[in-house]
Amino acid sequence: MPAQQPLADQLASHDTVVVLGAPIFLYYAYVPGNPIQPGTKLFQITNSPLDASAALAGTSIVGNLASAMKYIRSRAAARKRNSISPQPPPLEPKPEYPITPGFLFSVLNRVMPRDAVVCEECPSSKGDLDRYLRLDQPGSFYSVRTGILGFALPAAVGLQLANPERRVVCPIGDGSIQYSIQTLWSAVQYNAEVIFVVLRNADYSALKGFCDFTNVGRNVPGMDLPGINMVKLAEGYGMAAKEVERPEDLEPALKQAFASRGPRLICVNVAKGGQTCMGMDQSANPPNYG
Ligand SMILES: Cc1ncc(C[n+]2csc(CCOP(=O)(O)OP(=O)(O)O)c2C)c(N)n1
């Protein structure tokens, strides 16, 4: 790779970040604070000239990712970690009414097979998903890197067809699911045994979070999603579906879904709000900005 020399000079330094593959991406809202230490040198290595030209920060190097990886591995020293013990498991959320996303994910974590494949699109609940779903098997987590809605549903069906021996779980918001809702029909037609878990908060909670975060205020139309009957929608596409309202009904409903064959939709009526702002609420799952 042509960039070996500049990289070689930098790799010894502790304040260098090298991003492989994914573009250096900054989300569309300002987050106060330093996402990385001031003075950090940022390199992106990508095989896409387009991503390189769109990088918002750092130096982009267009090259072969596999050889870049080998090169870096052969030269970079392992970082000394502050702590070798994994994070303690989070406290079990209480079975509140309405059901909280945290409770939903803690129950899902208990019930789903350990080798389940999770393909998610639940914007304001992503922090709770990260916190409570313990995924440690290869190829067990899929999400869209840009936040664009409409990805998870078809991706989940494709993943299920590609991994018939593992169960795919698709936790998805009741707003997000509308962006490619007809996929439910495909799941039925292909008998892709995905468990779709809809977090129904009758809300665009993430966008309300943005309104607060950006001080736009709440006087924005189109942020409420009342009156969508997810069970009837799923049944209309030929899929067995169930609605869960009470916390005590959640575990039996999920267990029943995992015990059954064929695709299933479980619509869980959850509390509005989720996180303050799509993973940028630093009180939930704070990123390591320190
Ligand atoms: C294609 C597309 N359209 C619109 C948006 C803006 N958007 C981001 S989050 C969101 C709300 C999603 O609602 P829901 O799935 O119910 O999740 P919640 O915010 O309630 O957690 C919208 C509309 C987007 N990201 N992608």
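In this predicted model, strand β6 and strand β7 (residues 195–200) pair in the parallel sense over five bridges. Within this pairing, Ile 172 stands opposite Val 198 of β7. The two strands also belong to a right-handed β-α-β unit, whose helix is α7 (residues 183–189).

Strand β6 has a further partner: strand β4 (residues 117–119) pairs with β6 in the parallel sense over two bridges. Here Val 117 has Val 168 of β6 as its bridge partner.

The burial of β6 accompanies this description of its pairing. The strand spans residues 168–173, and six of its six residues are buried. Neither face is left uncovered: on one side lie Val 168, Cys 170 and Ile 172, on the other Val 169, Pro 171 and Gly 173, and all of these are buried. Two of the buried residues thus reappear from the bridge pairs, namely Val 168, the partner of Val 117, and Ile 172, which stands opposite Val 198.

The loops that flank β7 each contain a residue with a backbone feature of interest. Asn 191 is placed in the loop between α7 and β7, and Ala 202 in the loop between β7 and α8 (205–213). Neither is a glycine, yet Asn 191 has a positive phi and Ala 202 likewise has a positive phi. The values are set out below.

| Residue | Phi | Loop |
|---|---|---|
| Asn 191 | about 50 degrees | between α7 and β7 |
| Ala 202 | near 55 degrees | between β7 and α8 |

The surroundings of these residues can be stated as well. Asn 191 counts as exposed because it has 12 C-beta neighbours inside 10 Å, and 12 or fewer is the limit for that class. Ala 202 has 15 other C-beta atoms within 10 Å and is therefore partly exposed.

Another backbone feature is found in the loop between α3 (65–75) and α4 (101–111), where Pro 98 lies. The peptide bond that joins Tyr 97 and Pro 98 is cis, with omega about -5 degrees.

The ligand is surrounded by 20 residues, of which Ser 124, Gly 173, Gly 175, Ser 176 and Ala 206 come nearest. One of these, Gly 173, is also among the buried residues of β6. By element, the largest share of the shell around the ligand comes from α8, with three residues. By residue class, the shell divides into eight nonpolar, ten polar and two charged residues.

How values were computed
Residues numbered from 1 in each chain as written. Predicted model: local features only at pLDDT ≥ 70, side-chain atom pairs only at ≥ 80, totals over all residues. Buried ≥ 20, exposed ≤ 12 C-beta atoms within 10 Å, placed from the backbone. Helix = DSSP H or I, 4+ residues; strand = E, 2+ residues; numbered from the N terminus. Pairing = 2+ DSSP bridges. Right-handed = clockwise from strand over helix to strand, strands pointing away. Near = placed C-beta within 6 Å. Nonpolar A, V, L, I, M, F, W, Y, C, P; charged D, E, K, R; others polar.
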